[in-house]
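Reader: Could you take me through one part of this model closely, and explain your terms as you go? I would enjoy a single connected account.

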Amino acid sequence: MSADAASFSLLPGAEGSPVILHVPHSARAIPPEVRAGIVLDDGALERELDHITDAHTAEIAELAARSARLAPWRFVNRLSRLVVDPERFPDEREEMLSVGMGAVYTRTTHGRALRPADADPGPLVDRYFRPYARAMSEAVAERLAAVGRAVIIDVHSYPSERLPYELHGDGPRPPVCLGTDSFHTPPALTAAAREAFAAVGETGLDSPFGGTYVPLGYYGSEPRVSALMVEIRRDTYMTEPGGPAGPGLPRLAAALAGLVEAVSV
């Protein structure tokens, strides 16, 4: 298996399930050749990974998949988002470029240099970003062919306190933030998520993070692809930053399983 193919996994679910749990930011792994282009020393890099990683979200998705009556599919990034961020636009459309966090980050969560300012993102985009995007598109195509629709549920987490890189972090920070898209997030999907996560606490919409992930080939054009981003505030299930999971994790996994079941019928 090539390094590129090993950088993500599509974990099969039930053939009749339309749901793909997408986990893009849970990993901390950085290949040595990519690490060589990062200017932080080892200690500073570990601290940055603590802040930027959506720790334990792959575990939440795995527990949810195991307990759902109709198992969802899971698409899991095995590399850190400091390699590439698969959810960013790879060009000037990406608003996070303004803080050095396009598809290939050049700045940290606190505005420090991560890579040299003249670093060329092209090789990393070609090696990691584009294969990931193709594979995710193929996973969606398979669900459309199998059941006639696809439901992408993005599984993320976010810190309880605003970090300097956040462009829209001055609003509410509820226990669960639901990121939506005007085309791909129907009201019934949002309502199902609110109900599923009610036991966890308040749910909010698009604050402090908004939008959701849809492969570009389907974005804004294929109504059979629906999508929702689930952003879980980290203090509800773990010690911040980068610490161990706590008793809140199983409760969140059960809530996510309930959402999977609600949108699978």
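Author: What follows is a close look at helix α4, with a few other places brought in for company.

The model is a predicted one, so to speak of a local feature takes a pLDDT of at least 70 and to count a side-chain atom pair takes 80 or more, while totals for chains, interfaces and linings use all residues. Numbering starts from 1 along each chain as its sequence is written, and side-chain values rest on heavy atoms, with hydrogens and water left out.

Helix α4 runs over residues 122-147, which makes 26 residues. Helices here are DSSP runs of H or I with at least four residues, strands are runs of E with at least two, and both are numbered from the N terminus. From first C-alpha to last, α4 reaches 36 Å, close to the 38 Å expected at 1.5 Å a residue; that expected span is 1.5 Å times one less than the number of residues. Along the way α4 bends by about 30° at phenylalanine 129, and proline 131 follows within four residues. The bend is the angle between two axes, one fitted to the seven residues ending at that position and one to the seven starting there. After the helix comes glycine 148, with a positive phi near 85°.

Both Phe129 and Pro131 belong to the buried residues of α4, as do Tyr128, Tyr132 and Arg143, among others. Buried means under 20% relative accessible area, exposed means over 50%, and partly exposed lies in between, using a 1.4 Å probe and protein chains only. The cover over these buried residues includes β1 (8-11), β2, α1 (32-35), β3 (73-77), β4 and β7.

Arginine 143 deserves a pause: this residue of α4 counts as buried because its relative accessibility is 2%. Its contacts (heavy atoms within 4.5 Å), leaving aside neighbours within four places in sequence, include Glu15, Trp73 and Arg149. Compare serine 221, in the loop between β6 (203-205) and β7, which counts as partly exposed because its relative accessibility is 48%.

Now to the empty spaces. On a 1 Å grid over the protein atoms alone, a cavity is a set of points where a 1.4 Å probe fits but cannot get out; a pocket is an open set with protein on both sides within 12 Å along at least five of seven lines, and lining residues have an atom within 4 Å of a point. Points are joined across faces, edges and corners, and a volume is the space filled by probe spheres set on them.

The largest pocket holds about 910 Å³ of space. It is lined by 43 residues, with Glu87, Arg88, Glu94, Gly210 and Thr212 nearest its centre. Two or more lining residues come from each of α2 (42-52), α4, β4 and β7, and α4 gives the largest share, five residues. By class, that lining has 20 nonpolar, nine polar and 14 charged residues. Here Ala, Val, Leu, Ile, Met, Phe, Trp, Tyr, Cys and Pro count as nonpolar, Asp, Glu, Lys and Arg as charged, and the others, Gly among them, as polar.

The structure has one cavity of 30 Å³ or more, and the largest cavity contains about 50 Å³ of space. Tyr128 and Tyr132 return here, lining the largest cavity along with Ser7, Asn77, Leu79, Ser80, Val83 and Val84. Its lining has five nonpolar, three polar and no charged residues.
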